[in-house]
Amino acid sequence: MPPRPRPRPKILIVLHQETSSPGRVGHMLLEEGFDLDIRRPPLGDELPCTLDGHAGAVVFGGPMSANDEDEFVRRETDWLKIPLKENRPFLGICLGAQMLANHLGGKVEGHGEGLVEIGWYPLKATDAGKKLLHWPEMVYQFHREGFSLPKEATLLATAETYPNQAFRYGDNAWGIQFHGELTRVMMHRWVVRGAHRFELPGAQPGRDHLGGRLIWDMHLKRWLSEFLQLIFGRPAVR
């Protein structure tokens with residue numbers, strides 16, 4: 001009998017709303033040969049006590065703050081000790097990056113002048129970031145808070161309003177403030193449901209979100225593919 005195929009390695013996916021999706025991150029990981037283990041802690045899903053059965057983890061964004069007192073926010077932030085201790089590949093996106101910063105002793109807070117980043121904004125890679133891969137010049141943002149750079153973390157990308165945009169901690173922990181995971185359908189949904197936030201200081205009108213996508217999204221998508229391969233690699237058996 002032919003040997004049975006080995007199961008595909010799993011990536012733990014942590015989402016924060018019932019309708020949330022891993023978007024392009026999920027699509028790209030599936031295409032690379034991973035399966036997705038999706039958990040939603042706000043809806044009562046537990047997080048694993050070890051990542052021995054996973055090839056890594058991704059914690060996505062959400063409308064809540066990393067400083068909130070909700071039980072799941074505290075539980076998720078504390079849970080980050082597991083991928084860090086086990087040195088497993090970990091990526092935090094927006095809220096996930098802010099949770100990682102909090103866990104590492106950093107600080108999450110809004111801009112001193114109340115400015116937000118909601119729309120497309122310039123990004124500049126640091127020298128350390130440039131050594132890893134080529135970064136996009138414009139990225140999509142949707143946040144009202146940023147994070148300080150944790151001690152011993154390496155800054156990979158910066159911007160004007162919120163200077164800490166991407167960082168690496170140790171060998172395998174990564175955090176990014178911006179969003180590369182949005183599909184076209186997801187962006188349309190965010191623009192409709194988040195329209196009330198376009199009046200905040202520094203936010204861009206909805207038409208600029210969709211218009212900017214036509215210009216800059218192809219570069220962001222290419223970067224995301226290379227970034228995920230940098231973090232998670234490719235399974236040996238596909």
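A search through the whole of this predicted model turns up zero disulfides. Two of the cysteines sit in quite unlike surroundings: C49 counts as exposed because its relative accessibility, 71%, is over the 50% mark, while C94 counts as buried because its 6% falls under 20%.

Next comes the nonpolar interior. In soluble globular proteins, nonpolar side chains tend to be buried together. Here, the largest nonpolar core has 42 residues, and the members that touch the most others are L91, W135, F178, W223, F227 and F232. Helix α7, which runs over residues 206-232, is the top contributor to this core, giving seven residues. Another core, of 25 residues, lies apart from it, and V14, L47, V59 and M64 are among its members.

W135 is worth a second look. Setting aside neighbours within four places in sequence, W135 is in contact with L123, A125, G129, K130, L156, A157, A166, F178, W223 and F227. Three of the names in that list, F178, W223 and F227, also turn up with W135 among the core members that touch the most others.

Finally, there is R8, found in the segment before strand β1 (10-14). R8 counts as partly exposed, because its 32% relative accessibility lies between the 20% and 50% cut-offs. Not counting residues up to four places away in sequence, R8 touches L30, G33, F34 and D35. Two of these partners also show up as polar pairings: a polar atom of the R8 side chain lies 3.0 Å from the backbone oxygen of L30, and the R8 side chain makes a polar contact with the side chain of D35 at 2.9 Å. As for Y162, 154 residues away along the chain, its C-alpha atom is separated from that of R8 by 38 Å.

Methods
Residues are numbered from 1 along each chain as its sequence is written. This is a predicted model: local features need pLDDT of at least 70, side-chain atom pairs count only at pLDDT 80 or more; totals for chains, interfaces and linings use all residues. Side-chain values use heavy atoms; hydrogens and water are left out. Helices (H or I, at least four residues) and strands (E, at least two) are DSSP runs, numbered from the N terminus. Buried means under 20% relative accessible area, exposed over 50%, partly exposed in between (1.4 Å probe, protein chains only). Contact means heavy atoms within 4.5 Å. A polar contact is a pair of N or O atoms within 3.5 Å; within protein, one must be able to donate a hydrogen and the other to accept it, and residues adjacent in sequence count only if both atoms are side-chain atoms. A disulfide is a pair of cysteine sulfur atoms within 2.5 Å. A nonpolar core is a set of buried Ala, Val, Leu, Ile, Met, Phe, Trp, Tyr and Cys residues joined through side-chain atoms within 4.5 Å.
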